Amino acid sequence: MDTDLLIVGGGPAGCAAAVMAASVGMRSVLIESGDALCGALRRIPVVRNVLTVTNGPDLAAAIEADLAQCDLCRVELGRRATLIDAFDDRVEVTVEPAESVESVEPRETLEAAGSDRAPRSRLTAPYVVVATGVGPLGPEGAGWLGGAAGRALPQLWEADPAAIDDRTVLVLGADRPLGTVARAHPELKARFVVAYPPEDSYKTEEIRRDPRVELVAVRRLELGPGPGSASAPVTAEAGTLGGERRTLTADLVFLNLGSAPAPPAGAVATDRSGYCPPGSQHPRVFTAGDLRSVRFQRIATAMGSGGEAALGAYYASRGLPVETGGPPTDVGGPPGPTGGG
Ligand SMILES: Cc1cc2nc3c(=O)[nH]c(=O)nc-3n(C[C@H](O)[C@H](O)[C@H](O)COP(=O)(O)OP(=O)(O)OC[C@H]3O[C@@H](n4cnc5c(N)ncnc54)[C@H](O)[C@@H]3O)c2cc1C
């Protein structure tokens, strides 16, 4: 065995797993594909739901400092886990340099260049915590949205605030980054026209009182041609939930459709919505953080579940029963009107 516990993903869930594992004397190797820990946190300017914390970058820096002090955890940055195999007595994780996974160069070219990016390795441990989070959904999966597939539309959470000030912005989907932008930039004079399908309505609570936001619940929206710019506005034909036809016009258009997990291939079990509930996993595989469920996607729950996952591995290593905490094992359908978010 290379270590006591492998941890895949260095967000708040994976980092919490590492420090919890260390606290019970377990050595771990944490594999993170980015070039720093907690990349997602660094893009959250205002945080209001985590004790003692007011913004993401400060929290990321504090977590990074904690991991630097954690002698029992070895962090491997810039390395992507591509395959997880689970056996009766161990797990094996295939790890590759992140840039060679994303690179179009053939592997032989990298190897011939003698690059330290080239070799893949295989790490073995009794248990693995998988905490790879979620990534943005593209328009291809949004059945209510036409005319957007194949267009390089920007994500709302990446928007430059200066570029949207004083503009009318068409937001496709009501996912939570809209609340983040609105909270972080109360000074912005942007008008947000938010077209969203009925299944997103539970996400609108945190923005519906913002006077800059106009919510348009749609059955179908067909985006017109054009990139959207001050000189060439974008238009969209909406069929609203109320049965009206409306033409929406905006200076800029952004995707805000939500996210989905993309765990490494192999042993991680997914439910019918693509999420990876802890209760459905191989006994040597523990899932933590956002990839567990469409609900519970928060920093505090990610950290809590990371700690629980590491303790689960610890108890299992002692032959003690493991009670899997966290969300229900099957979260296939969209959240109901009173739940989730
Ligand atoms: C715009 C925005 C605003 C938000 N605002 C808030 C807020 O105000 N409050 C709140 O509580 N939550 C907020 N969230 C949600 C919060 O960021 C997440 O709940 C939290 O980051 C989840 O932690 P995680 O560790 O599960 O996943 P992540 O933070 O996504 O970390 C997963 C890590 O795994 C790495 N990874 C992925 N695949 C691999 C692989 N194959 N091999 C190795 N590494 C891999 C990724 O690079 C990433 O660093 C916000 C999210 C967004 C996008």
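# A tour from helix α1 to the ligand and the sheets

Select residues 12–23 to begin. This is helix α1, twelve residues that reach 16 Å from the first C-alpha to the last, close to the 16 Å expected at 1.5 Å a residue. The model is predicted.

Keep α1 selected and colour the residues by accessibility. The helix is mostly covered, with nine of its twelve residues buried. Those nine are Pro12, Ala13, Gly14, Cys15, Ala16, Ala17, Ala18, Ala21 and Ala22. Now show what surrounds them. The buried residues of α1 pack against the strands β1 (5–8), β2 (28–32), β3 (73–77) and β7 (127–130), and also against the helices α2 (56–69) and α7 (299–317). Just after the helix, select Gly25, where phi is positive at about 85 degrees.

**The ligand**

Next, select the ligand and display the residues around it. The shell holds 31 residues, and the closest are Glu32, Asn49, Ala81, Asp290 and Ile299. Helix α1 appears again here: along with β2, β4 (79–86), α6 (177–184) and α7, α1 supplies at least two residues of the shell.

Three polar pairs can be picked out with a distance tool:

- Ala13: a polar backbone atom lies 3.0 Å from an oxygen atom of the ligand.
- Ser33: a polar backbone atom lies 3.1 Å from a nitrogen atom of the ligand.
- Asp290: an N or O atom of the side chain lies 2.8 Å from an oxygen atom of the ligand.

Taken alone, the ligand exposes 1000 Å², and the protein buries 87% of that area.

Ala13 is thus worth labelling in both views: Ala13 is among the buried residues of α1, and a polar backbone atom of Ala13 pairs with a ligand oxygen at 3.0 Å.

**The four-stranded sheet**

From the ligand shell, follow β4 into its sheet. This is an open sheet of four strands in the order β6-β5-β4-β17, with mixed pairing. Its edges are β6 (121–125) and β17 (265–266), each pairing on one side only. Select β5 (residues 91–97) together with β6: the two pair in the antiparallel sense over five bridges. Within this pair, Val95 stands opposite Ser121 of β6.

**The β13–β14 hairpin**

Finally, select residues 234–240 and 245–250, which are strands β13 and β14; they pair in the antiparallel sense over six bridges. To find one of the paired positions, label Ala236, whose bridge partner in β14 is Leu248. The two strands form a hairpin with four residues between them. Which residue in the turn has a positive phi? Select Gly243, where phi is about 95 degrees.

Technical notes: Residues numbered from 1 in each chain as written. Predicted model: local features only at pLDDT ≥ 70, side-chain atom pairs only at ≥ 80, totals over all residues. Heavy atoms only, no water. Pairing = 2+ DSSP bridges. Expected span 1.5 Å × (residues − 1). Buried < 20%, exposed > 50% of the residue type's maximum accessible area, 1.4 Å probe, protein only. Contact = heavy atoms within 4.5 Å. Near = heavy atom within 4 Å. Polar contact = N/O pair within 3.5 Å; in protein donor to acceptor, adjacent residues only side chain to side chain. Areas by Shrake-Rupley, 256 points an atom, 1.4 Å probe, with all protein chains shown as cover.
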